[in-house]
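Notebook open, coffee poured. I want to look up charges, rings and cores in this one.

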Amino acid sequence: MSRARQPPLVTGISPKEGAAWTKVTIRGENLGTGPADLVGLSICGHNCLLTAEWMSASKIVCRVGPAKDDKGEIIVNTKSGGLGTSTVSFKLIRPERIGILDQSAVWVDEMNYYDMRTDRNKGISPLSLRPSNPLGIDIDKGKLPQKDIELTFPGMSGDFTSENFSATWYLIENHMGSSFEQLKMAANNLKKQATKKNEGSLAYVKGGLSTFFEAQDALAAIHQRLEFDGTERVEGSMTQRLENILNRASDTADTLFQEVLGRKDKADSTRNALNVLQRFKFLFNLPLNIERNIQKGDYDVVINDYEKAKSLFGNTEVPVFKKVYAEVEMRIGALRSLLLEKLLQTPSTLHDQKRYIRYLSDLHAPGDPAWQCIYAQHKWILQLMQNCRDEFISGQRVGVGALDQEADTPGSALGRLSHTASLKRGGSQRTTRASTWRFETPQQVQFVEKLSDVVIGQLPNFWKLWISYVNGSLFSETGEKSGQVEKSKKNARQRQNDFKKMIEEMINRLVKLVRGALLPTTLPQGELSFYGGWENKTELTGAWLTQIIHIVRACHEALSTLEIPNDLLQVIQDLLLELRVHCLMVTLLHTTDDVKGLAEKENWVVDNEGITSLPSQFEQCMILMLQSLKEPLEIKPGEINVLQLDQVQDQATELSVNIMKVFINCLEQLSTKRDIYTSHDISVDLSSPDRFTGVHEGFSPTSEQRLLIILSNCQYLERRTLLNLANHFEKHGLTGTEKITRVSVDAVRELDRKLFEAYIERRADPISGSLEPGIYAGYFDWRDCRTPTGVRNYLKEALVNIITVHAEVFTVSKDLVPRVLSKIVESVADEMCRLMQCVSSFSKNGSLQARLELCALRDAVTTFLNSDSSASFEVALGSLPQLQSGADKKLLEELLNKFKSSMQLQLTCFQPCYIQPVKR
């Protein structure tokens with residue numbers, strides 16, 4: 001298990017303050033292992049995850065949103081480290097509104113440039129000279145409606161620049177709440193302003209009084225001279241001479257300065273041309289500068305220069321400017337094509353996509369570049385998913401092993417860890433491979449891992465690109481001013497259904513590709529050729545299916561964090577449900593095969609309780625199976641309990657019952673397995689000390705010993721194993737436990753009955769069959785026999801055979817001794833009863849001999865008598881004539897004591913202190 005990572009810690013942010021949408025760089029520790037690991041980022045309480053760009057484990061770049069708090073912490077949340085902390089804070093600056101009279105930095109539109117030398121004589125509107133408060137007191141506007149004032153003063157106005165100005169209207173409108181003292185102060189202010197105005201005019205006249213006098217004297221002299229010369233125009237008059245002098249002076253000047261003036265005009269023309277070149281060198285150099293900046297990738301500089309040129313010369317009528325500007329437009333058109341080509345290239349990062357879209361919008365590219373990018377990304381992701389399937393189907397990718405080049409990817413590493421854990425949970429029991437130094441991940445598992453990496457790696461950026469398109473954050477401030485943001489939002493609203501279909505198509509493609517690899521029968525026949533083709537691949541075990549479920553769940557969780565609508569993700573939930581059901585069924589079926597193989601692992605070595613390792617191996621196999629089903633049966637948010645489905649519940653119960661039956665059938669096959677060596681005869685010599693030693697490794701049991709061992713295992717199954725498994729079934733939530741236990745117990749009991757009867761038949765019949773020949777050996781006759789001297793050998797031989805059976809059973813399991821010996825004694829007692837009832841008559845000695853042998857047998861095996869055997873002895877003794885004399889009774893007692901004394905050692909095993917009956 002991997003070591004848990006420390007929570008994220010933010011130790012720095014640059015800049016530390018700024019307005020909304022300011023780009024900031026966050027630095028710290030444990031900020032995630034990759035873009036997919038970053039699940040949350042907030043600044044001043046605002047979620048900034050959509051604009052976040054994960055650079056490294058110590059650096060994240062994002063934009064600050066319009067948060068409500070003016071100052072707050074920077075909180076990072078990752079999958080690997082959880083919710084983090086911050087040692088620094090960010091201050092959000094609120095933009096202030098600028099009034100019409102406040103100073104501010106503004107952009108001067110150079111297109112409206114004009115020469116003050118030519119426009120200085122233009123008139124200025126008198127409104128610009130209007131005082132804002134002519135009375136000089138505080139304005140206190142009343143609440144009287146404007147319509148009422150207009151009705152009261154028809155045809156008048158409260159504007160003091162109007163010809164119909166009404167002072168009353170003005171006072172009512174602007175000083176309705178002013179006091180009388182304030183109005184008196186206003187009257188004084190008006191008087192002062194009038195006095196200043198009059199004093200200013202008089203001072204102007206006083207300052208130029210001498211000039212007026214001189215002008216008046218000059219005008220008077222001219223008037224007298226004109227009166228002297230007369231008003232008629234005659235030759236030699238003053239005015240005529242003055243005109244002639246002026247004309248001659250002008251002609252002389254033209255003659256003298258004609259060449260100089262010509263050179264001056266030419267120099268002025270040259271100077272003006274140089275001034276134009278110098279002044280407009282920006283435009284003339286712009287085509288070359290655009291080309292250079294495009295080659296360097298300085299698209300921002302190109303866009304700024306183009307916007308400036310467009311504002312200055314976009315509507316020019318000067319031919320040279322129009323020619324140069326046309327060349328600029330041609331270069332910009334080529335730049336638009338280049339940027340669009342880069343935008344549609346795949347693969348590309350979300351940062352580059354946003355950058356190119358912003359460039360194209362600032363260049364007023366035709367169409368909708370953002371939507372074109374979204375559409376191209378959609379087609380590319382679909383093709384990536386399909387190519388992933390085609391690579392595996394065509395065999396271009398090999399199994400993941402020690403030399404796999406893709407072993408360093410996070411997904412693959414996670415897959416190998418999950419697979420290792422799965423093998424520890426029992427996955428290695430499926431098949432026994434040849435000795436190898438590595439294992440290979442099945443192609444289907446590699447495919448699902450790769451497909452999930454494609455979806456998790458590309459779909460989040462695709463979704464973020466759409467969100468940016470919807471909220472208009474793809475455009476710069478220029479775009480906002482030109483209305484492109486509103487246009488983008490409008491387009492996004494119109495294309496919401498189209499984008500939803502794109503997401504739906506990608507998710508459906510993911511689900512169908514996984515179905516084609518793992519659940520081909522759930523696809524329509526027409527789609528198998530497009531999504532299937534995995535028929536020749538390895539069949540997956542439950543452990544591998546569990547890993548696939550883990551991968552699909554991780555993919556679903558990653559998509560859920562994007563706030564994709566649940567109705568689009570429902571198909572993944574449906575896929576998960578079918579995968580969990582499939583994993584459950586496959587695990588149960590493979591466990592059935594594993595249980596079948598347990599018979600080959602039986603070594604016939606029994607413990608002190610007479611149990612081999614087979615029941616424990618079976619129980620461990622079942623526990624490992626249940627543990628491997630823990631993750632598939634786990635109910636994640638939004639999932640349902642697969643065991644609540646009636647069909648799944650019935651199938652799981654039937655398969656579990658079948659596993660139990662398979663194991664019981666294995667026990668039955670082991671009990672009937674033919675011996676390599678012949679069975680030991682029951683009448684072998686008991687003097688050998690190695691005859692009944694404990695069962696050890698390498699021991700090859702006889703068929704009778706095998707029956708006893710299986711009988712002991714059956715008892716253990718019924719008493720412990722099945723009860724333990726029932727508890728484990730209930731603990732892991734499997735239903736139908738009662739039915740599984742009931743059927744299993746019935747099957748075990750049935751097998752126990754069959755095996756017990758087979759063993760009793762093998763051991764009891766030879767003993768019972770030897771009684772009759774032994775009784776009548778040597779032509780013995782109950783009607784003509786000698787006085788008894790002791791128990792005959794046939795009975796001793798029968799007892800020795802019973803002792804042999806006792807030793808055989810005790811060697812395997814002392815718990816079976818009472819059950820087996822009781823049945824053996826019952827068979828012998830029944831045979832003795834039958835033989836005694838077949839005798840037509842007894843002599844006195846014959847009756848005594850028969851009673852001696854019956855009593856000796858009964859007393860020897862009294863510990864193992866049951867109701868049936870006791871009744872048989874009673875019937876047999878009742879068929880004999882009663883002893884009449886005390887001598888006969890005394891002789892019978894003496895002979896019985898003699899028998900017990902001589903057979904004391906042999907009969908010790910029948911003592912109660914050696915027997916511990918087991919209740920069934």
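First, my yardstick for accessibility: buried is under 20% relative accessible area, exposed is over 50%, and partly exposed is in between (1.4 Å probe, protein chains only). I'm working on a predicted model, where local features need pLDDT of at least 70, side-chain atom pairs count only at pLDDT 80 or more, and totals for chains, interfaces and linings use all residues. Residues are numbered from 1 along each chain as its sequence is written, and side-chain values use heavy atoms, with hydrogens and water left out.

**Entry 1: salt bridges**

I counted a salt bridge when a side-chain nitrogen of Lys or Arg was within 4 Å of a carboxyl oxygen of Asp or Glu. My search of the whole structure gave 31 of them.

I looked at R834 and E772 first; their side chains meet in a salt bridge at 3.4 Å, N to O. R834 sits in helix α27 (residues 817-838) and E772 in helix α25 (residues 771-775), so this pair ties together parts 62 residues apart in sequence. (Helices here are DSSP runs of H or I, at least four residues, numbered from the N terminus.) R834 is partly exposed at 35% relative accessibility, and E772 is partly exposed at 36%. I also noted a network: E704, R762, R763 and E808 are joined by salt bridges that share partners.

Next I checked R271, which bridges to D268 with the closest N and O atoms 2.7 Å apart. Both are in helix α6 (residues 238-279), three residues apart, so about one helical turn separates them. R271 has a relative accessible area of 45%, which makes it partly exposed; D268, at 24%, is partly exposed too.

E750 and R753 also form a salt bridge, 2.4 Å from N to O. They lie three residues apart in helix α24 (residues 737-769), about one turn of the helix.

**Entry 2: a charge without a bridge**

What is the nearest side chain of opposite charge to R509? I found E505, 4.1 Å away, and R509 is buried yet has no salt bridge. For this, Lys and Arg count as positive and Asp and Glu as negative; His and the chain ends are not counted. R509 is in helix α16 (residues 496-518). Skipping neighbours within four places in sequence, I listed its contacts (heavy atoms within 4.5 Å): L382, M385, Q386, F530 and Y531.

**Entry 3: rings**

My rule for Phe, Tyr and Trp (its six-membered ring): centres within 6.5 Å make a pair, with planes under 30 degrees apart stacked, over 60 edge-to-face and the rest tilted. That gives 16 aromatic pairs. W371 and Y469 make a tilted one, 6.5 Å between centres and 35° between planes. W371 is in helix α11 (residues 369-393) and Y469 in helix α13 (residues 443-471), so the pair ties together parts 98 residues apart in sequence. W371 and Y469 are both buried. They belong to one aromatic cluster with F462, W463, W466 and F499.

**Entry 4: cores**

I took a nonpolar core as buried Ala, Val, Leu, Ile, Met, Phe, Trp, Tyr and Cys residues joined through side-chain atoms within 4.5 Å. The largest has 104 residues, and L584 and F618 are among those with the most contacts inside it. Helix α22 (residues 646-671) supplies the largest share, twelve residues. Another core lies apart from it, with 89 residues, including F313, W371, V511 and Y531.

Notes: Helices (H or I, at least four residues) and strands (E, at least two) are DSSP runs, numbered from the N terminus.
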